[in-house]
Amino acid sequence: MAGIFTDSINAVSATITALGLKPVTDPRNARPLTVFIELPTFSAFNNQTADITIDLRVLGAPPGNQDTTDYILGVVDQLMNSSLAVVSGRPTVAQIGSQDLPAYDLTIRIGTSRV
């Protein structure tokens with residue numbers, strides 16, 4: 001199904017792939033050393049123009065030691081240095097299945113309108 005939300009997610013995924021990273025949109029496939037793309041949130045004007053916000057979750061390997069921190073911050077830096085409009089970021093812990101993974105959440109914004 002196409003639309004502004006699917007198109008936005010696909011564009012973000014393509015940008016992440018072009019950086020040599022592994023984007024994931026299905027939570028069943030979320031695992032360490034991937035970038036999980038959360039479902040978008042939005043505000044809209046006149047149902048034609050949307051300000052879409054998407055959270056990206058950079059997933060690291062447990063137990064969250066210095067190697068993991070270096071990996072996560074390196075990926076965060078790559079994403080911030082890309083064409084993505086990163087507006088905020090924060091360290092977190094992601095619960096995937098029954099496992100806690102060190103992670104970093106980035107919020108990006110996309111402005112779009114229906115043609």
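Me: How much area does the chain expose, and what share of it do carbon and sulfur atoms supply?

Reply: This is a predicted model. In it the chain exposes about 6,800 Å², and 52% of that area is supplied by carbon and sulfur atoms.

Me: What share of the residues is buried?

Reply: A residue counts as buried when its relative accessible area is under 20%. Buried residues are 37% of the 115 in the chain.

Me: Which helices and strands should I look for, and in what pattern along the sequence?

Reply: Look for 2 helices and 6 strands. Read along the sequence, they follow the pattern α-β-β-β-β-α-β-β.

Me: How does the radius of gyration of the chain agree with that of a compact globule?

Reply: The idea is to set the value for the chain beside the one expected from its number of residues. For 115 residues a compact globule would have a radius of gyration near 13 Å; the chain has 14 Å, so the two agree. As for extent, the C-alpha trace spans about 45 × 30 × 20 Å along its principal axes.

Me: What share of the contacts joins residues 24 or more positions apart?

Reply: Among contacts with a separation of 6 or more, 55% are between residues 24 or more positions apart.

Me: How many positive and negative side chains are there, and how many salt bridges?

Reply: Side chains of opposite charge can pair when their charged atoms come close. Here the chain has 7 positive and 10 negative side chains, and the centres of the two sets lie 7 Å apart. A search of the whole structure finds 4 salt bridges.

Me: Which residue forms a salt bridge with aspartate 26?

Reply: The partner is arginine 28, and the closest N and O atoms of the pair are 2.5 Å apart. Arginine 28 is exposed, because its relative accessible area is 71% and the cut-off for exposed is over 50%.

Me: Which parts of the chain does the pair of arginine 109 and aspartate 51 link?

Reply: In this salt bridge the closest N and O atoms are 2.4 Å apart. The pair links distant parts of the chain, 58 residues apart: arginine 109 is in strand S6 (residues 99-113) and aspartate 51 in strand S4 (residues 49-59). Arginine 109 is partly exposed at 42% relative accessible area, and aspartate 51 is partly exposed at 25%.

Me: Where in the chain are arginine 90 and aspartate 55?

Reply: These two also form a salt bridge, with the closest N and O atoms 3.5 Å apart. Arginine 90 is in strand S5 (residues 86-96) and aspartate 55 in strand S4, 35 residues apart. Arginine 90 has a relative accessible area of 31% and is partly exposed; aspartate 55, at 29%, is partly exposed.

Methods
Residues numbered from 1 in each chain as written. Predicted model: local features only at pLDDT ≥ 70, side-chain atom pairs only at ≥ 80, totals over all residues. Heavy atoms only, no water. Helix = DSSP H or I, 4+ residues; strand = E, 2+ residues; numbered from the N terminus. Rg over C-alpha atoms; globule rule 2.2 N^0.38 Å. Buried < 20%, exposed > 50% of the residue type's maximum accessible area, 1.4 Å probe, protein only. Contact = heavy atoms within 4.5 Å. Areas by Shrake-Rupley, 256 points an atom, 1.4 Å probe, with all protein chains shown as cover. Lys, Arg positive; Asp, Glu negative; His and termini not counted. Charge placed at Lys NZ, Arg CZ, Asp CG, Glu CD.
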